[in-house]
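Thanks for coming. I will go through one model today, starting with its charged pairs and then moving outward to the rest of the chain.

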Amino acid sequence: MSVDLGILTGLVDDIGALMAAGLAVTLAFKGRNDWEPSEEDVPKGPARVSGAVTAVIVGYLWFQSEQLFDSGFFNSIIFFTVPAVIASLLVYVILITVFTYEIEIAVSSSETKREKLIGGIWLRRQASDQLRKKSITTQKLFEGAAYDCDLIWPRISRALSKVLFILTYLILIVSGSVMLTAGAILLNNA
């Protein structure tokens, strides 16, 4: 149900679109969530890039809705972004479960804290051999290596793993924001 706001209708629509873009930018510069890898592993850049891309797309969608509203266009966007959000969330959960390890960092002489770190897609041959011989987990092997990543994974293996995290994160955030924006524009023009 749409409310007739008279001459303020366009202004209210514009403010709604700007708020969505503003929220995307705000989320891009927020602190990290518990489910995200540590800042040392994946820098804040992907969050900022996803916020900027989202803001541009939200602006474009708002512009399209103001020029000549076409519900088919916005339905198509929703049709493609809903599966993208679901798939990227599932892939992200798999990546976190399979490739995230915990490290213990000394905060002071008597206190430590645990942080998450992204491991590699494949292990070094020596690490793989030790896993088979000792019948332990990769986390335990990593702890035994004093959290030295280079003893467990080749650098290219970790780099590719981080790229997978970043791509999946970008798809999740951007497609989710675009899906919500397209849905809001459709509801507003119903």
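Counting a salt bridge as a side-chain nitrogen of Lys or Arg within 4 Å of a carboxyl oxygen of Asp or Glu, we get seven salt bridges. Side chains of opposite charge can pair when their charged atoms come close. Before the individual pairs, a word on the source: this is a predicted model, in which local features need pLDDT of at least 70, side-chain atom pairs count only at pLDDT 80 or more, and totals for chains, interfaces and linings use all residues. Residues are numbered from 1 along each chain as its sequence is written, and side-chain values use heavy atoms, with hydrogens and water left out.

One of the pairs is Arg 114 with Glu 102, where the closest N and O atoms are 2.7 Å apart. Arg 114 belongs to strand β2 and Glu 102 to strand β1, so this pair ties together parts that are 12 residues apart in sequence. Helices and strands here are DSSP runs, numbered from the N terminus: H or I with at least four residues for a helix, E with at least two for a strand.

For burial I use relative accessible area: buried is under 20%, exposed is over 50%, and partly exposed is in between, with a 1.4 Å probe and protein chains only. Arg 114 has 43% relative accessibility and therefore counts as partly exposed. Glu 102, at 27%, is partly exposed as well. The two residues also belong to a network of salt bridges that links Glu 102, Glu 104, Arg 114 and Lys 116.

Two further pairs. Glu 143 and Lys 140 meet in a salt bridge at 3.7 Å, N to O. They are three residues apart in helix α5, residues 138–144, so about one helical turn separates them. Glu 143 is partly exposed, with a relative accessible area of 28%. Then Arg 155 bridges to Asp 150, with the closest N and O atoms 2.8 Å apart. Arg 155 counts as exposed because its relative accessibility is 62%, while Asp 150, at 28%, counts as partly exposed.

Back to the strands. Is Glu 115, a charged residue of strand β2, buried or exposed? Its relative accessibility is 18%, so Glu 115 counts as buried. The side chain of Glu 115 makes a polar contact with the side chain of Lys 113, at 3.0 Å. A polar contact is a pair of N or O atoms within 3.5 Å; within protein, one must be able to donate a hydrogen and the other to accept it, and residues adjacent in sequence count only if both atoms are side-chain atoms.

Leu 117 is also in β2, which covers residues 112–118. At 9% relative accessibility, Leu 117 counts as buried. The C-alpha atoms of Leu 117 and Ile 103 are separated by 6.8 Å, with their positions 14 residues apart along the chain. Strand β1 covers residues 100–106 and includes Ala 106. Ala 106 is exposed, at 60% relative accessibility. Beyond its neighbours within four places in sequence, Ala 106 is in contact with Glu 111 and Thr 112, contact meaning heavy atoms within 4.5 Å.

Next, helix α3, residues 71–99. How far does α3 reach from its first C-alpha to its last? The 29 residues of α3 reach 41 Å, close to the 42 Å expected at 1.5 Å a residue; the expected span is 1.5 Å times one less than the number of residues. At the N-terminal end of α3, Asp 70 acts as a cap, with a side-chain oxygen 3.1 Å from the backbone nitrogen of Gly 72. The buried residues of α3 include Phe 74, Tyr 92 and Phe 99. Those buried residues pack against α2 (45–67), β1, β2 and α7.

Helix α7, residues 155–188, holds Leu 160. Leu 160 counts as partly exposed, at 37% relative accessibility. Leu 160 is also part of a nonpolar surface patch of about 430 Å², made with Ile 121, Trp 122, Ile 156 and Leu 164. Patch residues have over 30% relative accessible area and no salt bridge, and nonpolar side chains (Val, Leu, Ile, Met, Phe, Trp, Tyr) are joined within 5 Å. Areas come from the Shrake-Rupley method with a 1.4 Å probe; for residues, only the protein chains shown count as cover.

Last, the whole chain. There are seven helices and two strands, in the order α-α-α-β-β-α-α-α-α from the N terminus. Of the 190 residues, 33% are buried.

Technical notes
Patches are made of residues with over 30% relative accessible area and no salt bridge: like charges are joined within 9 Å, nonpolar side chains (Val, Leu, Ile, Met, Phe, Trp, Tyr) within 5 Å.
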